[in-house]
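Please open the model in your viewer and keep the selection panel at hand, since this tour goes from one selection to the next and says what is found at each stop.

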Protein chains: 2
Amino acid sequence: MLSRAEEIYVRIRQHIARHRDLRNQAIGALLGQLFEESLNFLRGHRSVDLISQVAGKRYFAFQNGTKLSRAVNADLYLDSADGWSPLLTAISRQDFSSLPAHNINRVIYSAAISFCALIDLTRRADQKTPGTFFEYLIGHLFAARLGLNPTKRLPVLNLDMNTTLPTDFIFDLGPGRAKFHLPIKTSTRERVIQVWAHQRVLDGVYGTGRFLGTPVILAETKTDFETKKVVEICLPDQWLIYQMHIAQLKRVYYLDVPVPYARLTGTFPRLYVKAFGDFFHEVDTLIE
Amino acid sequence: MLSRAEEIYVRIRQHIARHRDLRNQAIGALLGQLFEESLNFLRGHRSVDLISQVAGKRYFAFQNGTKLSRAVNADLYLDSADGWSPLLTAISRQDFSSLPAHNINRVIYSAAISFCALIDLTRRADQKTPGTFFEYLIGHLFAARLGLNPTKRLPVLNLDMNTTLPTDFIFDLGPGRAKFHLPIKTSTRERVIQVWAHQRVLDGVYGTGRFLGTPVILAETKTDFETKKVVEICLPDQWLIYQMHIAQLKRVYYLDVPVPYARLTGTFPRLYVKAFGDFFHEVDTLIE
């Protein structure tokens, strides 16, 4: 039997499949209900502290019998969905003066991690549902903030070639303005090179600088369920090599920002890794 | 209990871990025994014809109770390991005059697919063992043909950066000569862009043309185990875009060459997709 949260998730999926309108306010409302119901579900379960190997961060996990959820950052997690509705209001008014970036980030982190944790506890090795859900959540917030819907295919016209390129979400602000290239992942590990490679293809096909690459990632934690130790898998040296030799990303946004990546902001080549909450405040400066 | 083939596989793994000498003739001999024992195992199992949706190719699968192996190309599969020893002899003598490329390809295809099929029948959703085994098999043959062992890390020296780059197999023929960049995959699907991205990094860090990218891939078949239909997942238009905008691969070798990719040889930009058997004959011309 599906939990109430899972029922709401099915409705979100159906709504998106039927209307192809990710920025629709109805999606925002359903995501809020999903957040609420996920918290209700998790309140009925024990949580266990994990042994954090990540300097300055504390993690715990929810438990259901022998099942353990992914790691939850104790300093980011909110056991209340009260912040969701003010966030939607601020987005619809495009006024974030009373919502600091850090608060926005905690609300979105909690909405994301709570349903992912629920799926970890109720299903067996289901990576797909959390991934698709996270794409809906971030895709909706990005679309609502920009006030337009994304596309997932781009035409390619190149002499004897006439085809379309499948992409991550693309937000096109219109002629003469920036376009966003938005890969969305719950974690990247060694697959992250794909993000730079897709950016390179966009730069090559359409011209460098036309697409702003701004991937959004949930976290890079990895939990050993035997020892209950949490680590962050980070490869900052490789990221710099990708940023130098494949393409330039404009931002990398995280909900739970890994410290080794946040430090890259001070090195060469510049690679700005920030909390996703910052996006809502700074997006207008990115597209200037 | 492990099958005899799996016992031999464990010995191969231990040999490689202990001696770090992939080109060692002992590995070639063990791979031959593994091939033989995999065929013995499979002879004890029924095979069922699959419904091939791939023009000009016939496929079947081995069956073990409710388990079905991956698709096996009926026109490439040899139910005999007799060709293995002549192949090793030809490699050690560097004389392929009596071994046509097509014959070499069939022997290696059969050695590869037989152990992969065995693992499909004996384990549950184990993708890692076939992947690692295939890397050993191709890595050994490539190393034996070139007469040198590969490395998997490269140093990066770049002003304020001093680190190493993890890579697929790299074969370094020495100062002033070519180096091979050899990704090895049982199939690629949407992950293939990584191969071009890694090539781009090598071109950027060490100079364009110093590394010859020559990935080796088993097949691109996908079987629907309900309907027993086999398709090939191919994205030739995207491959051309990668070859045009990310980096240039020298060759893409397959054991079971997908027809849509073989056709790319005649288009622009040039992308030579060939049977891996051809490698043994043409490698000397690649490094000239």
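In this predicted model, begin by selecting helix 1 (residues 4-19) of chain A together with helix 2 of chain A, whose axes come within 8 Å and cross at roughly 160 degrees. Because an angle over 145 degrees counts as roughly antiparallel, helix 1 of chain A and helix 2 of chain A are described as roughly antiparallel to each other, and their crossing is left-handed.

Now show the side chains where these two helices meet: helix 1 of chain A contributes residues including A:Ile8, A:Ile12 and A:Ile16, while those from helix 2 of chain A include A:Leu30, A:Leu34 and A:Phe41. Colouring this contact by residue class would show eleven nonpolar, three polar and three charged residues.

Keep helix 2 (residues 25-43) of chain A selected and add helix 5 (residues 128-146) of chain A, for the axes of these two come within 10 Å and cross at roughly 135 degrees. Helix 2 of chain A and helix 5 of chain A are therefore oblique to each other, and the one passes the other in a left-handed crossing. On the side of helix 2 of chain A, the residues to pick are A:Ile27, A:Gly28 and A:Leu31, and on the side of helix 5 of chain A they are A:Leu137, A:His140 and A:Ala144. By class, this contact has four nonpolar, two polar and no charged residues.

Next, display the whole of chain A, which holds nine helices and 15 strands, and whose C-alpha trace spans about 60 × 40 × 40 Å along its principal axes. The radius of gyration of chain A is 19 Å, which agrees with the value near 19 Å that a compact globule of 288 residues would have.

Finally, bring chain B into view and select the contact between the two chains, which takes 19 residues from chain A and 20 residues from chain B. Strand 7 (161-172), helix 6 (193-206) and helix 7 (236-245) of chain A each supply at least two residues of the side of chain A that touches chain B, and the largest share, eight residues, comes from helix 6 of chain A. The residues on that side of chain A divide into twelve nonpolar, five polar and two charged.

How are the two copies related? A turn of 180 degrees and a shift of 0.0 Å along the axis lay chain A on chain B with an RMSD of 0.0 Å, and the copies are thus related as by a two-fold rotation axis. Of the interface residues of chain A, 100% are also interface residues in chain B, so the copies meet through the same surface.

Note on methods: Residues numbered from 1 in each chain as written. Chains lettered and ligands numbered in written order. Predicted model: local features only at pLDDT ≥ 70, side-chain atom pairs only at ≥ 80, totals over all residues. Axes fitted to C-alpha atoms, helices over the stretch in contact; angles between N-to-C directions. Helix = DSSP H or I, 4+ residues; strand = E, 2+ residues; numbered from the N terminus. Parallel < 35°, antiparallel > 145°, perpendicular 65-115°, else oblique. Left-handed = near helix turned anticlockwise from the far one by under 90°. Contact = placed C-beta atoms within 7 Å. Nonpolar A, V, L, I, M, F, W, Y, C, P; charged D, E, K, R; others polar. Least-squares fit on C-alpha atoms with pLDDT ≥ 70 in both. Rg over C-alpha atoms; globule rule 2.2 N^0.38 Å.
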